[in-house]
Amino acid sequence: SVSPPKGAFYAFVKIEKQGRWKNDWQFVRELLKEGVCVPPGSGFTSDGHTMAFRIVFLPTLDQLNSAFDKIGAFMKK
């Protein structure tokens, strides 16, 4: 799930299937193997316990759609 960004060029996406990964670092490392590079959300918080990742909207629409498709396929595994 994600809250709509308010004027920012990035969003934090909550990792819903939390029992599958011990933390967001493990999630992003496994997602990287699928060809999608995103930073873990815990790197942007003071407590470091966020189960999320950050995605930016700077790439082209085609690149974003490809990344979202890969993330969707990854989550269905």
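**Exercise 1. Take serine 42 and find which residues it touches, leaving out those up to four places away in sequence.**

Step 1. The contacts come out as Asp24, Trp25, Gly48, His49 and Thr50. Keep in mind that we're working on a predicted model here.

Step 2. Now place the residue: serine 42 sits in the loop between α1 and β2.

Step 3. Is serine 42 buried or exposed? Its relative accessibility is 8%, so serine 42 counts as buried, given that the cut-off for buried is under 20%.

**Exercise 2. Check whether the length of helix α2 agrees with its residue count.**

Step 1. Helix α2 covers residues 61–76, which gives 16 residues.

Step 2. At 1.5 Å a residue, α2 should span 22 Å. The multiplier is one less than the number of residues, so don't plug in the full count.

Step 3. The C-alpha atoms at the ends of α2 are 23 Å apart, which agrees with the expected span.

**Exercise 3. Work out which residues of α2 are buried and what they pack against.**

Step 1. List the buried ones: Leu64, Ala67, Ile71, Phe74 and Met75.

Step 2. Look down the axis. These residues cover an arc of only 95°, so they lie on the same side of α2.

Step 3. Flip to the face turned away from that buried side, and you meet the exposed residues Leu61, Asp62, Asp69 and Lys76.

Step 4. As for partners, the buried residues of α2 pack against α1 (24–32) and β2 (52–56).

**Exercise 4. Do the same job for α1: find its buried residues and their packing partners.**

Step 1. In α1, the buried residues are Asp24, Phe27, Val28 and Leu31.

Step 2. Their arc around the axis is only 90°, which puts them on the same side of α1.

Step 3. The buried residues of α1 pack against β2 and α2. Asp24, one of these buried residues, also turned up among the contacts of serine 42.

**Exercise 5. Zoom in on phenylalanine 74 and describe its surroundings.**

Step 1. Phenylalanine 74 belongs to helix α2.

Step 2. Its relative accessibility is 4%, so phenylalanine 74 counts as buried.

Step 3. Skip the neighbours within four places in sequence, and phenylalanine 74 is in contact with Arg20, Trp21, Phe27, Glu30, Leu31 and Glu34. Phe27 and Leu31 are among the buried residues of α1.

Step 4. For a distance check, try proline 40, which is 34 residues from phenylalanine 74 along the chain: the two C-alpha atoms are separated by 16 Å.

**Exercise 6. Track down the salt bridge and say which parts of the chain it ties together.**

Step 1. How many salt bridges does the structure hold? There's one.

Step 2. The side chains of glutamate 34 and lysine 77 make the pair, at 2.8 Å from N to O.

Step 3. Glutamate 34 is in the loop between α1 and β2, while lysine 77 is in the segment after α2, so the bridge ties together parts that are 43 residues apart in sequence.

Step 4. Check accessibility at both ends. Glutamate 34 has a relative accessible area of 31% and is partly exposed, whereas lysine 77 has 58% and is exposed.

Step 5. Glycine 35 lies in that loop between α1 and β2 too, and at 53% relative accessibility glycine 35 counts as exposed. Glycine 35 and lysine 76 are 41 residues apart along the chain, with their C-alpha atoms separated by 16 Å.

**Exercise 7. Find the residues that make the nonpolar surface patch, and look at one of them.**

Step 1. Phe9, Phe57, Leu58 and Phe68 make a patch of about 400 Å².

Step 2. Pick phenylalanine 68, which is found in helix α2. Its relative accessible area is 38%, so phenylalanine 68 is partly exposed.

Step 3. Now try alanine 8, in the segment before β1 (10–14). Alanine 8 is partly exposed, with a relative accessible area of 32%.

Step 4. Finish with a distance: the C-alpha atoms of alanine 8 and valine 56 are separated by 8.9 Å, with their positions 48 residues apart along the chain.

Notes
Residues numbered from 1 in each chain as written. Predicted model: local features only at pLDDT ≥ 70, side-chain atom pairs only at ≥ 80, totals over all residues. Heavy atoms only, no water. Helix = DSSP H or I, 4+ residues; strand = E, 2+ residues; numbered from the N terminus. Buried < 20%, exposed > 50% of the residue type's maximum accessible area, 1.4 Å probe, protein only. Arc of directions from axis to C-beta. Contact = heavy atoms within 4.5 Å. Patch = residues over 30% accessible without salt bridge, like charges linked within 9 Å, V, L, I, M, F, W, Y side chains within 5 Å. Areas by Shrake-Rupley, 256 points an atom, 1.4 Å probe, with all protein chains shown as cover. Salt bridge = Lys/Arg side-chain N within 4 Å of Asp/Glu carboxyl O.
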